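Please open the model in your viewer and keep the sequence beside it, so that each selection can be followed in both.

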Amino acid sequence: MINLNPNVTNPGQGLERLSPNAGKTSETPFAETAQKLGSMVNQVDEMQHGSDASIKDLLAGKNPDITSVVSDVAKADMSFKLLVGVRNKLIEAYKQTMNMQI
């Protein structure tokens with residue numbers, strides 16, 4: 001059974017109107033995707049640099065906790081593998097698009 005609240009005057013209150021251009025810039029979907037991929041690459045790069053710094057701190061004796069170092073390295077490795085997988089899928093999609101006949 002559905003219970004309706006009779007005290008609700010405007011069910012869409014607080015929600016912005018949905019329109020095709022709501023919240024979007026004038027960029028093309030390709031440009032948006034390229035920006036997102038660029039930010040993903042930057043995040044992976046920062047994780048790699050962070051794991052390198054934690055390894056150097058461990059070797060220098062500044063950080064005696066090896067568990068956090070292993071965790072940082074594992075996170076950086078997993079994010080890099082994910083990024084490579086996304087890149088491979090994009091290349092595969094590009095090749096399939098190029099092989100399409102018009």
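**A pair in helix H2**

Begin by selecting Lys81 and Asp77, which both lie in helix H2 (residues 66-98), four residues apart, or about one turn of the helix. Bear in mind that you are looking at a predicted model. Show the two side chains as sticks, and you will find that those of Lys81 and Asp77 meet in a salt bridge, with 3.3 Å from N to O. In general, side chains of opposite charge can pair when their charged atoms come close. The count of salt bridges in the model comes to one.

Next, add a surface to the pair and ask how far each residue is covered. Lys81 counts as exposed because its relative accessibility is 52%, and the cut-off for that class is over 50%. Asp77, with a relative accessible area of 36%, is partly exposed.

**A nonpolar patch**

Now select Ile55, Leu59 and Val73, which together make a nonpolar surface patch of about 260 Å². Of these residues, Leu59 is found in helix H1, which covers residues 29-60. Is Leu59 buried or exposed? Leu59 counts as exposed, since its relative accessibility is 71%.

**The whole chain**

Finally, clear the selection and display the chain as a cartoon, where two helices and zero strands are to be found. Of the 102 residues of the chain, 7% count as buried. If you switch to a surface view, the chain exposes about 9,200 Å², and carbon and sulfur atoms supply 60% of that area.

Technical notes. Residues numbered from 1 in each chain as written. Predicted model: local features only at pLDDT ≥ 70, side-chain atom pairs only at ≥ 80, totals over all residues. Heavy atoms only, no water. Patch = residues over 30% accessible without salt bridge, like charges linked within 9 Å, V, L, I, M, F, W, Y side chains within 5 Å. Areas by Shrake-Rupley, 256 points an atom, 1.4 Å probe, with all protein chains shown as cover. Salt bridge = Lys/Arg side-chain N within 4 Å of Asp/Glu carboxyl O. Buried < 20%, exposed > 50% of the residue type's maximum accessible area, 1.4 Å probe, protein only.
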